[in-house]
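Grab a pencil and open the viewer. Let's work through a few exercises together, one step at a time.

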Amino acid sequence: MTLDVITIGRSSVDLYGSQVGGRLEDMGSFEKYIGGSPTNIAAGAARLGLKSAVITRVGDEHMGRFIREQLAREGVDVRGVATDPERLTALVILGIRDSQQFPLIFYRENCADMALSEADIDEGFLGEARAVVATGTHLSHPRTEAAVLKALRLARENGARTALDIDYRPNLWGLAGHGAGESRFVESAKVTEKLQSTLHLFDLIVGTEEEFHIAGGSTDTLAALRAVRAVTPATLVCKRGPMGAVAFTGAIPDSLDAGEAGPGFPIEVFNVLGAGDGFMAGLLRGWLDDADWPTALTYANACGAFAVSRHGCTPAYPSLEELRFFLDRGVIRPDLRNDAELEQIHWSTNRPGDWSEMRVFAFDHRVQLEEMQGASPERIGAFKQLCLDAALKVANGRPGHGLLCDGRLGREALYRAEGQGLWIGRPVELPGSRPLRTEPQIGADFGWLAEWPKDQVVKCLCFCHPDDDDAMWADQEATLTRLFQAARRNRLEFLLEVIPSKVGPIADDTAARIIRRIYGLGIYPDWWKLEPFETEGAWAEAVAAIEANDRHTRGIVVLGLDAPEERLAASFALAARQPLVKGFAVGRTIFGQPARDWFAGRIDDAAAVERMAETYARLCALWDAARADAKEDAA
């Protein structure tokens, strides 16, 4: 079996109000996440290292593509995500009103996931899974119920485990109005009857006390659990909020406290939406590992604690490494989202994308191009589009390629680069500034970063040296700190480039001293862009300084400094011996002479693209060869 778990049911786009403490009526902006209980569970399980998939439907439009692409970024198998050509992807609008109220509106009228049918259930696909998880909403309509029942039948025939997250939303059973999406319980004999007709199909049933009330037909929790036990031998897991959760594998005792329990965690409740899905993901990790129930419930409670502490559903869920760190270290402060150490691990272990190889064409230069004869802002913008053409020609859809391009002179190239599979970095520094200053269009408060696509990386070049005086360091540190915090606030990765050789003499430990100082400020660059050191000792010092402070950094890229190709080949050979160095970011070596010739009218567009592509391709080959040689030597 190649999959650990397949979930089945709802899939939506969640639009979360960005402002906290206000009414939905007053929200001014929203954050966009994937949503829907089975979708959240599949993503949460993938973050915990399980091989997960989801069976659902999405619309043939932008939101449907977003769900499919984001699931893939989370590591979820999307073979079971069907595209509905007639219906729109479901939407949910949510908000955090206060610590007790979390208003939400479901936009699910004839939505894509409610068109899921038996035809969407593929026997071969189901046969790959160790477990199948259903949620209650898709038992509310005959068509989706038929799909769920077929999936459960096939799972059981294949010897897979089956689980139900009751996930009771009265609104989605037609028992509450559009404005009552927040409602969690409305009595209904019809819903109880429907649920009880399917409970015997599950090995594990999970719900809150209110959800067991609807499943058991009683508002007395113990009576409801006994009613459920009367129709199924499944393990019953009852969630009790801040009191943790309990599991019952046999007869229901006279007290909830008599069940097998896992500890709760004393944390501040910030947002309850999606907490149950995070809980379920953690529970699945323990259940499918055949852990005892106290251990599985500990995982589940911890994942639920993360969820209620952060904004959004899926974005709040932990990685496996983050979960282990939290369980080993414990709660330091109850508002987990403000625990800097924990949040750094959360951020760095949940970043999407594999950039283990970096071949970056850097044409973010501004002053160097502005100084060329025949250059103007319009012509520079046109030339940067030619640079992009060269980058795309070399990349040819293959992974591990990228670009650095600015948004002032290269805006149109940046726009066109999106969605092409390239890594994209974007500079913010005012060229040549020391102390560091940013481009005016970034804004004094760095507010312009809010407009950036989320896959673009904030790149900042800082000319600094360990021997700079205190005033210089204080000025530059203040700017770097504010910029790093702004990048994180806007969920953008941060690349820091330092070039001490332009400021003063360098030794093997020069870059390492800067690196340690930056980490001491609480700044954790996702990427470092460093000079091509001339000694193994310098590389060893720099790498050691990074790894001592951040085991999860994306890595290092080597800059070019307009060096000739033969010199770059030598620097690549030395840098490639360090696994933390992922590749290069080179610019003027590639575009310098073609740019001068193009601005002077000596070559046309096609020739400029061809010459830059040839040089870029040679540098890629040089790097790949250097890496291969380094791996061979290490072996």
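The exercises below all use this predicted model, and each comes with a worked solution.

**Exercise 1. Work out how the four strands of the open sheet 3-2-6-7 are arranged, and what packs on them.**

Step 1. Start with the order. The strands of this open sheet run 3-2-6-7, and the pairing is mixed.

Step 2. Now look for the edges. Strand 3 (30–35) and strand 7 (104–107) each pair on one side only, so they are the edge strands.

Step 3. Check the twist. From one strand to the next, it averages 20°.

Step 4. Zoom in on one pair. Strand 6 (residues 90–96) runs antiparallel to strand 7, with four bridges between them. Within this pair, Leu-94 sits opposite Leu-104 of strand 7.

Step 5. Add the helix. Helix 2 (residues 62–73) packs on the sheet and touches strand 2 (12–20), strand 3 and strand 6. The direction of helix 2 makes about 65° with that of strand 3.

**Exercise 2. Follow the chain through strands 11, 12 and 13 and find out how strand 12 pairs with strand 11 and with strand 13.**

Step 1. Take strand 11 (residues 235–239) and strand 12 to begin with: they run antiparallel and are joined by four bridges. One bridge partner to spot is Phe-248 in strand 12, which goes with Leu-236.

Step 2. Look at the turn. Strand 11 and strand 12 form a hairpin with five residues between them. Gly-241, in that turn, has a positive phi of about 65°.

Step 3. Move on to strand 13 (residues 260–262). Three bridges join it to strand 12, again in an antiparallel run. Here Ala-247 has Glu-260 of strand 13 as its bridge partner.

Step 4. Which way do the side chains of strand 12 (residues 245–248) point? Ala-245 and Ala-247 point one way, while Val-246 and Phe-248 point the other way. Are these residues buried or exposed? They are all buried.

**Exercise 3. Hunt for backbone oddities, and decide whether Asn-396 and Phe-446 are buried or exposed.**

Step 1. Find the cis peptide bond. Arg-434 and Pro-435 are joined by one, with omega at about 5°. Pro-435 belongs to the loop between strand 16 (423–427) and strand 17 (456–462).

Step 2. Go to Asn-396, in the loop between helix 13 (377–395) and strand 15 (401–404). Its phi is near 50°, which is positive although the residue is not glycine. The relative accessibility of Asn-396 is 60%, and the cut-off for exposed is over 50%, so Asn-396 counts as exposed.

Step 3. Do the same for Phe-446, found in the loop between strand 16 and strand 17. Phi is positive for Phe-446 too, near 60°. With a relative accessible area of 3%, Phe-446 falls under the 20% cut-off and is therefore buried.

**Exercise 4. Place Arg-333 in the model and list what it touches beyond its sequence neighbours within four places.**

Step 1. Locate the residue: Arg-333 is in the loop between helix 10 (320–329) and helix 11 (340–349).

Step 2. Classify it. Its relative accessible area is 36%, which lies between the 20% and 50% cut-offs, so Arg-333 is partly exposed.

Step 3. List the contacts. Setting aside neighbours within four places in sequence, Arg-333 is in contact with Asn-338 and Asp-339.

Step 4. Try a distance. Arg-333 and Ala-112 are 221 residues apart along the chain, and their C-alpha atoms are separated by 42 Å.

**Exercise 5. Describe the largest cavity and the second largest pocket.**

Step 1. A quick idea to keep in mind: rolling a probe the size of a water molecule over the atoms shows where empty space is left.

Step 2. Count the cavities of 30 Å³ or more: there is one. The largest cavity holds about 40 Å³ of space.

Step 3. See what surrounds it. The lining of the largest cavity includes Asp-406, Arg-408, Arg-426 and Trp-448. By type, this lining splits into three nonpolar, two polar and four charged residues.

Step 4. Turn to the second largest pocket, with a volume of about 1200 Å³. Its lining has 47 residues, and Arg-184, Thr-208, Val-272, Ala-275 and Gly-276 lie nearest its centre.

Step 5. Which helix gives the most to this pocket's lining? Helix 9 does, with five residues. The whole lining of the second largest pocket divides into 20 nonpolar, 14 polar and 13 charged residues.

How values were computed
Residues are numbered from 1 along each chain as its sequence is written. This is a predicted model: local features need pLDDT of at least 70, side-chain atom pairs count only at pLDDT 80 or more; totals for chains, interfaces and linings use all residues. Side-chain values use heavy atoms; hydrogens and water are left out. On a 1 Å grid over the protein atoms alone, a cavity is a set of points where a 1.4 Å probe fits but cannot get out, and a pocket is an open set with protein on both sides within 12 Å along at least five of seven lines; lining residues have an atom within 4 Å of a point. Grid points are joined across faces, edges and corners, and a volume is the space filled by probe spheres set on the points. Ala, Val, Leu, Ile, Met, Phe, Trp, Tyr, Cys and Pro count as nonpolar, Asp, Glu, Lys and Arg as charged, and the others, Gly among them, as polar. Two strands pair if DSSP finds at least two bridges between them. Helices (H or I, at least four residues) and strands (E, at least two) are DSSP runs, numbered from the N terminus. Axes are lines fitted to C-alpha atoms, for helices over the stretch in contact, and angles run from 0 to 180 degrees between N-to-C directions. Contact means heavy atoms within 4.5 Å. Buried means under 20% relative accessible area, exposed over 50%, partly exposed in between (1.4 Å probe, protein chains only).
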